[in-house]
Amino acid sequence: MPANNQKKEEIRLQAFLAHCGVASRRASEQIILDGRVAVNGTIVTELGTKVTDDDTVTVDGNQVFLEEKKRYILLNKPAGFVCSSSDEKGRQVAADLLKDSYKERLYNVGRLDMYSKGMILFTNDGDFAKILSHPSSQLEKEYIVETSQDVPEAFPERFERGIRVEDVFYKCKRCEILKPRKLKIVLIEGKNREIRTVLEAAGIGTRSLVRVRIGNVHLDELRPGEHRDLTEREVKGLLDLCSSSHLTTKRK
């Protein structure tokens, strides 16, 4: 049979959207369920739908295409920017800081709250985002926190053992007092506003919170608002860390 008559490879619609850089596979599933995706002019809401690169796929009426170049980007997010594709309240979106440099549709891997600063990763590789975001990845996230009160000497040990606040259990991997009003904290899971919540419960205000490391990738001298591409070594290192953590978790 001639090669040009061979059947095109079919992939699930959510995977296709992820490879187009629309969103991660999980987020793409919700976009499909919301009725925002059409295939060859017909709205599709079935997650099992399969497509090929010959099909015309649109999201919110805009056609999307498979992206050949995978992007892995580190942004030093300034305070005042939110980590989402858009914001109904009209706040500044972190992804907009990348628009002048990249034509691909990028989305953030993980989040930082609006008032926090530092490292946030962006990609158009849905598989990469899924691996790093999975609970089994066990990726370390390191923060430098400046407080408005002196931190009690007993606080780091308490946070490492675990602290319950309003029926939610918070536990860091490491906590170290660098100065009376300066902490280094390493999280694994990282619940929403975890550090701020735990400090507030201890009667300590947060003046500044900066994420300076994710796994093997460091913020270094990157200034607020600046970004750079991850090196191949950094991308491989992140995936290797997730893989080794997953294997360790499975053995337990």
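## Exercises on a predicted model

Let us start with one residue. Leaving aside its neighbours within four places in sequence, Leu 183 touches Tyr 143, Ile 144, Val 145, Thr 147, Val 151, Phe 155, Cys 175, Glu 176, Ile 177, Leu 178 and Leu 199. Keep in mind throughout that this is a predicted model.

### Exercise 1: The cores

**Task.** Find out how many residues the largest nonpolar core has, and which of them have the most contacts inside it.

**Solution.**
- Step 1. Begin with the count: the largest nonpolar core has 33 residues.
- Step 2. Pick out the residues with the most contacts inside this core: Phe 122, Val 145, Phe 155, Phe 159, Leu 183, Ile 185 and Ile 195. Our starting residue, Leu 183, is on that list.
- Step 3. Look for the elements that each supply at least two residues of this core: strand 7, strand 8 (81–82), strand 11 (117–123), strand 12 (141–147), helix 4, strand 13 (163–165), strand 16 (182–187) and helix 5 (194–201).
- Step 4. Now turn to the second, separate core, which has 19 residues, including Leu 74, Tyr 107, Val 109 and Leu 238.
- Step 5. Place this in context: in soluble globular proteins, nonpolar side chains tend to be buried together.

### Exercise 2: The aromatic pairs

**Task.** Search the whole structure for aromatic pairs, and describe each one you find.

**Solution.**
- Step 1. The search turns up two aromatic pairs.
- Step 2. Take Tyr 72 and Phe 128: their ring centres are 4.8 Å apart and their planes meet at 70°, so this pair is edge-to-face. Planes over 60 degrees apart count that way.
- Step 3. Locate the partners. Tyr 72 is in strand 7 (residues 72–77) and Phe 128 is in helix 3 (residues 126–133), so the pair links parts of the chain that are 56 residues apart.
- Step 4. Check burial, for which the limit is under 20% relative accessible area. Tyr 72 counts as buried at 18%, and Phe 128 is buried at 3%.
- Step 5. Go on to Phe 155 and Phe 159: here the centres are 5.8 Å apart and the planes are at 50°, so the pair is tilted.
- Step 6. Both of these residues belong to helix 4 (residues 155–161), where they sit four residues apart, about one turn of the helix. Phe 155 is buried at 3% relative accessibility, and Phe 159 is buried at 0%.

### Exercise 3: The cysteines

**Task.** Work out how many disulfides the structure holds, and why Cys 83 has no bond to the closest cysteine sulfur.

**Solution.**
- Step 1. The number of disulfides is zero.
- Step 2. From the sulfur of Cys 83, the closest cysteine sulfur is that of Cys 242, 18 Å away, which is too far for a bond. Cys 83 is buried, with a relative accessible area of 4%.
- Step 3. For Cys 172, the nearest cysteine sulfur is in Cys 175, at 5.0 Å, and Cys 172 is in no disulfide. The cut-off to compare with is 2.5 Å. Cys 172 counts as buried, at 2% relative accessibility.

### Exercise 4: Two residues and their surroundings

**Task.** Is His 19 buried or partly exposed, and which residues is His 19 in contact with beyond its neighbours within four places in sequence?

**Solution.**
- Step 1. Find His 19 in helix 1 (residues 13–19).
- Step 2. With a relative accessible area of 22%, His 19 is partly exposed.
- Step 3. Beyond those neighbours, His 19 is in contact with Ile 11, Arg 25, Leu 66, Glu 67, Lys 70, Asn 124 and Asp 127. The C-alpha atom of Asn 124 is 7.0 Å from that of His 19, although the two residues are 105 residues apart along the chain.
- Step 4. For contrast, try Tyr 107 in strand 10 (residues 107–109). Tyr 107 counts as buried at 10% relative accessibility, and its contacts beyond four places in sequence include Ala 18, Leu 121, Phe 122 and Asn 124.

### Exercise 5: Confidence

**Task.** Where in the protein is confidence lowest, and where is it highest?

**Solution.**
- Step 1. Start with the overall value: the mean pLDDT is 89, and 93% of the residues reach 70 or more.
- Step 2. Compare the elements: confidence is lowest in helix 6 (residues 232–251), at a mean of 77, and highest in strand 15 (residues 174–179), at 98.
- Step 3. Inspect the ends. Over residues 1–5 pLDDT stays under 50, and the model has zero contacts beyond four places in sequence for them. Over residues 247–252 pLDDT also stays under 50, with two such contacts.
- Step 4. Apply a rule of caution: where pLDDT is low, the predicted coordinates should not be read in detail.

Notes:
Residues are numbered from 1 along each chain as its sequence is written. This is a predicted model: local features need pLDDT of at least 70, side-chain atom pairs count only at pLDDT 80 or more; totals for chains, interfaces and linings use all residues. Side-chain values use heavy atoms; hydrogens and water are left out. Rings of Phe, Tyr and Trp (its six-membered ring) pair if their centres lie within 6.5 Å; planes under 30 degrees apart count as stacked, over 60 as edge-to-face and the rest as tilted. Buried means under 20% relative accessible area, exposed over 50%, partly exposed in between (1.4 Å probe, protein chains only). A nonpolar core is a set of buried Ala, Val, Leu, Ile, Met, Phe, Trp, Tyr and Cys residues joined through side-chain atoms within 4.5 Å. Contact means heavy atoms within 4.5 Å. pLDDT is the predictor's confidence in each residue, from 0 to 100.
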